[in-house]
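Biologist: Could you take a close look at a single part of this protein and then show me how that part sits among its surroundings? I am in my first year, so please go step by step.

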Amino acid sequence: MVVTIKDVAREANVAPSTVSRVIANNPRISEKTKKRVKEVMNQLGYYPNLQARSLVAKSTQTIGVIMPNSVYHAFRNPFFPEVLRGISMKAHESKYGIYLSTGSTEEEIHEEVLSMVNGRRVDGIVLLYSRVNDRTMNYLEESGFPFTVVGRPSMNEERITYVDNDNIFITKQVTNYLIELGHKNIAFVGGNLDFVVTIDRLNGYNMALMEAGLPVTDAYFVHEKFVNEKGKDAIRTLVELEVPPTALVTQDDLMAYEIISHLEKLNIKVPDDISIVSFNNLSLSEHSKPPLTSVDIGTFQLGHVATKCLIEKIENPETLPIRITIPTRLIERKSCAVKK
C-alpha cells in the first residue's frame, strides 16, 4: 500500500498542508511539530515524491557540480573526491541532490551547463575551477543563474560569489620558506596558465624571488603539459640546466609524487639533492617517500562553503556577491632541507 501525505497527517493529527511544510523545512513550523511529523513518516515508511514537489515548486532540489574535465580524469586526482565530500555533506544537510558534469572537453562542459540551465535540471551550479576568460562562467553570470566558484574569477570578481585561498600570499610564503632554507635557484613546476590559480601562485612565487633580490628565470617555469607529456625528459631538462634549481614549488601533491619518481630514476635524491614543496596536503603525502611538505588548502571547506553560499543564493536571490577566503597552513615534513 502506498502511504500518502493524508495518511501521515491523520496519524500525526495535523493538516496535510503542515506535512508539506515539514517536508519543505518551512521555518514557520515549530521544531516540536517537525519532529512529530518526521517520526510518523518514518513509522509509516512515507517517502516524499520530490519530482512532484519540484514540478509544483519549480525547483529540482538539485545542484550541478562542474569539473574542469571528465569525472574519470578528475577522480584520478584526490583533490576532487575531497572537495566533493564537502559539497555532498552540505547538500545533504540542506536536502539537495547533486548532478555531476561528465563532459571531457571545454566545449562538452559548456553544452552540459547550457542543458542544465535551460532544461531547469538544477537550481544552481558550483564551478570547481576558474579558467581565464571562461565562457561558461561568463554565460552563467550574464544569465543571472545562481552559481558559485571554487577559485578566483579572472573577470568581474566583485560580481561573483567565490570561495578561494589567498594563493598569492601562500605561494609567496612557501617560496620564502625555501629561500630561508638557503635556496636561491627555485623552480615552479606543473602550472597551467589557463587557470587563475596558476597565475596567482606564479605571482606569489615571483614576488618572493624579487623581494629577495633573486632573478626570475623563464627556464624555471615548467608547464604541467610538459610534465604530463614528456615526464622524465621534462624533469631531466630542468635539472640539466647550466644553473639547475635546488628547490621546486609544485602545483599539487600529485604532480610532486610524479616528479619525485622521475628524479629517483635520474639518481637525484629528495631532499638531499633537491627540495620539494607542494599544495593540497593529500592524505598520501604523509606516507610518500620522503613525506611531502605541503600546503593544506582546506579542500573540504572549499566545497562545503561554496555549496553553502550557493544554497543561500538559490533560496534568497537578492543575496549579494561575496568572496570567502579559506585559510591555509604549511605542513612541514621531510621533502625540504637546508641548502648545503
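Modeller: In this predicted model, leaving aside residues up to four places away in sequence, S294 touches D253, S278, F279, N280, N281, R329, L330, I331 and R333. The residue itself lies in strand β10, which covers residues 293-296. One of the residues that S294 touches is D253, and here the side chains of the two are joined by a polar contact of 2.7 Å. As for its exposure, S294 has a relative accessibility of 0%, and because buried means under 20% relative accessible area, this serine counts as buried.

From S294 we can follow the polar contact to D253 and so move to a helix, for α13 is made up of residues 253-265. The axis of α13 comes within 9 Å of the axis of α12, the helix of residues 232-239, and the two cross at roughly 70°. Angles of 65 to 115 degrees count as roughly perpendicular, and α12 and α13 are therefore roughly perpendicular to each other. Their crossing is right-handed. Where the two helices meet, K232, I235 and V239 are the residues from α12, while I259, H262, L263 and K265 are those from α13. Sorted by class, this contact has 4 nonpolar, 1 polar and 2 charged residues.

Another pair of helices can be read in the same way. Helix α2, with residues 16-23, and helix α3, with residues 31-44, have axes that come within 10 Å and cross at roughly 95°, which makes α2 roughly perpendicular to α3. On the α2 side the meeting residues are T18, V19, V22 and I23, and on the α3 side they are T33, K34, V37, K38 and M41. The residues of this contact divide into 5 nonpolar, 2 polar and 2 charged.

Finally, these parts can be placed in the protein chain, whose secondary structure comes to 14 helices and 12 strands. Taken along the principal axes, the C-alpha atoms of the chain fill a box of roughly 80 × 40 × 35 Å. The chain has 340 residues, and buried residues make up 50% of them; S294, which counts as buried, belongs to that group. If we consider the contacts between residues at least 6 apart in sequence, 69% of them join residues at least 24 apart.

Definitions and conventions:
Residues are numbered from 1 along each chain as its sequence is written. Side-chain values use heavy atoms; hydrogens and water are left out. Axes are lines fitted to C-alpha atoms, for helices over the stretch in contact, and angles run from 0 to 180 degrees between N-to-C directions. Helices (H or I, at least four residues) and strands (E, at least two) are DSSP runs, numbered from the N terminus. Angles under 35 degrees count as roughly parallel, over 145 as roughly antiparallel, 65 to 115 as roughly perpendicular and the rest as oblique. A crossing is left-handed if the near helix is turned anticlockwise from the far one by less than a right angle, and right-handed if clockwise. Contact means heavy atoms within 4.5 Å. Ala, Val, Leu, Ile, Met, Phe, Trp, Tyr, Cys and Pro count as nonpolar, Asp, Glu, Lys and Arg as charged, and the others, Gly among them, as polar. Buried means under 20% relative accessible area, exposed over 50%, partly exposed in between (1.4 Å probe, protein chains only). A polar contact is a pair of N or O atoms within 3.5 Å; within protein, one must be able to donate a hydrogen and the other to accept it, and residues adjacent in sequence count only if both atoms are side-chain atoms.
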